[in-house]
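Work through the two exercises below with the sequence and the coordinates at hand. Each task is followed by a stepwise solution.

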Amino acid sequence: MQTRVRLKKQTVKQERAKVPAKLILVLIVVCAVSVLSGIGFFRLTKAESLMIKNLYIEGNNHVEDSEINRLLNVSGQSIVTADMDNLSKRLFASPWVKKVYMRKELPHSLAIRVIEKVPVAAALDSDVIYLVDEDGIKLQKLGRKPDELPVIKITGSNKKAYLEAIKLSSAISKNPKMKGLVEEIDGTRPEDISIRINGVPVYVGFGDFDKKLTSYLSLKDEIVKRNIPVEYIDLRFSHRLIVKPLKGEK
């Protein structure tokens with residue numbers, strides 16, 4: 001009896017001894033597979049045939065292809081490891097870029113679609129004119145006043161009046177009958193904002209710009225019809241429009 005018990009204990013010990021050996025074998029296999037996979041992936045990322053060689057760019061009218069190339073800087077980079085989110089973020093260094101869509105086209109190309117911002121005004125800052133977007137962000141320096149956009153003479157430091165002037169300029173640019181008519185937008189406070197048309201100041205104030213511009217167009221036709229020399233026009237009041245004739249005129 002004692003002999004059977006002793007044999008049984010020996011068998012259990014032997015089985016226990018086999019468990020670490022199996023575990024070690026499994027670990028060796030796992031490590032080998034991991035190493036081989038790593039080597040395979042490393043070789044894949046270094047494969048010349050998978051290096052990014054082509055950029056197919058569309059949607060860019062203001063940002064040059066060369067600028068997009070410079071910002072992405074993917075020369076010598078594998079398409080396998082290319083981080084699309086990170087690459088997209090690089091393009092936002094250009095103020096013109098509003099949205100970016102990118103996808104990989106194996107084996108070595110990126111397709112890029114850029115949506116650019118739309119300039120709604122020109123802003124004068126330190127004697128330099130800039131195109132600006134609807135948020136007042138400077139997009140590009142200009143050598144002269146643009147033909148169809150008014151020049152905002154309010155600086156960005158006067159934030160409330162500046163942003164209101166941007167909204168007014170946007171409303172003007174969307175109204176086909178107003179395009180090219182307005183020379184400049186000025187004012188020290190939102191309620192004092194005015195536009196200048198043919199040298200005549202037109203006080204607009206803040207808000208309700210579409211309605212005020214429509215009122216101006218109706219007035220303009222009547223003023224031209226009656227041939228009235230005008231000192232200024234005031235559209236700031238909701239229930240009345242003011243046309244101030246030049247002194248000496250009735």
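**Exercise 1: a three-stranded sheet**

In this predicted model, β1 runs parallel to strand β3 (residues 109-116), and five bridges join the two. Place this pair in its sheet and find the helices that pack there.

Solution.

Step 1. Take one bridge as a reference: Y56 has A111 in β3 as its bridge partner.

Step 2. Set out the strand order. The sheet is open, has three strands in the order β1-β3-β2, and its pairing is mixed. The edge strands, each paired on one side only, are β1 (54-58) and β2 (97-105). From one strand to the next, the twist averages 20°.

Step 3. Add the helices. Helix α2 (residues 65-72) packs on the sheet and touches β1, β2 and β3; the direction of α2 makes about 125° with that of β1. Helix α3 (residues 84-91) also packs on the sheet, touching β2 and β3, and its direction makes about 145° with that of β2.

**Exercise 2: the nonpolar cores**

Which residues touch the most other members of the largest nonpolar core, and which element gives the largest share of this core?

Solution.

Step 1. The largest nonpolar core has 32 residues, and I185 and I195 touch the most other members.

Step 2. Elements that give two or more residues include β4 (121-125), β5 (128-132), α4 (159-174) and α5 (209-226). The largest share, seven residues, comes from α4.

Step 3. Leaving out residues up to four places away in sequence, the contacts of I195 include L168, I172, V182, I185 and V200.

Step 4. A second, separate core has 23 residues, among them I52, L71, A82 and L91.

Key:
Residues numbered from 1 in each chain as written. Predicted model: local features only at pLDDT ≥ 70, side-chain atom pairs only at ≥ 80, totals over all residues. Heavy atoms only, no water. Pairing = 2+ DSSP bridges. Helix = DSSP H or I, 4+ residues; strand = E, 2+ residues; numbered from the N terminus. Axes fitted to C-alpha atoms, helices over the stretch in contact; angles between N-to-C directions. Contact = heavy atoms within 4.5 Å. Core = buried A, V, L, I, M, F, W, Y, C linked by side-chain atoms within 4.5 Å. Buried < 20%, exposed > 50% of the residue type's maximum accessible area, 1.4 Å probe, protein only.
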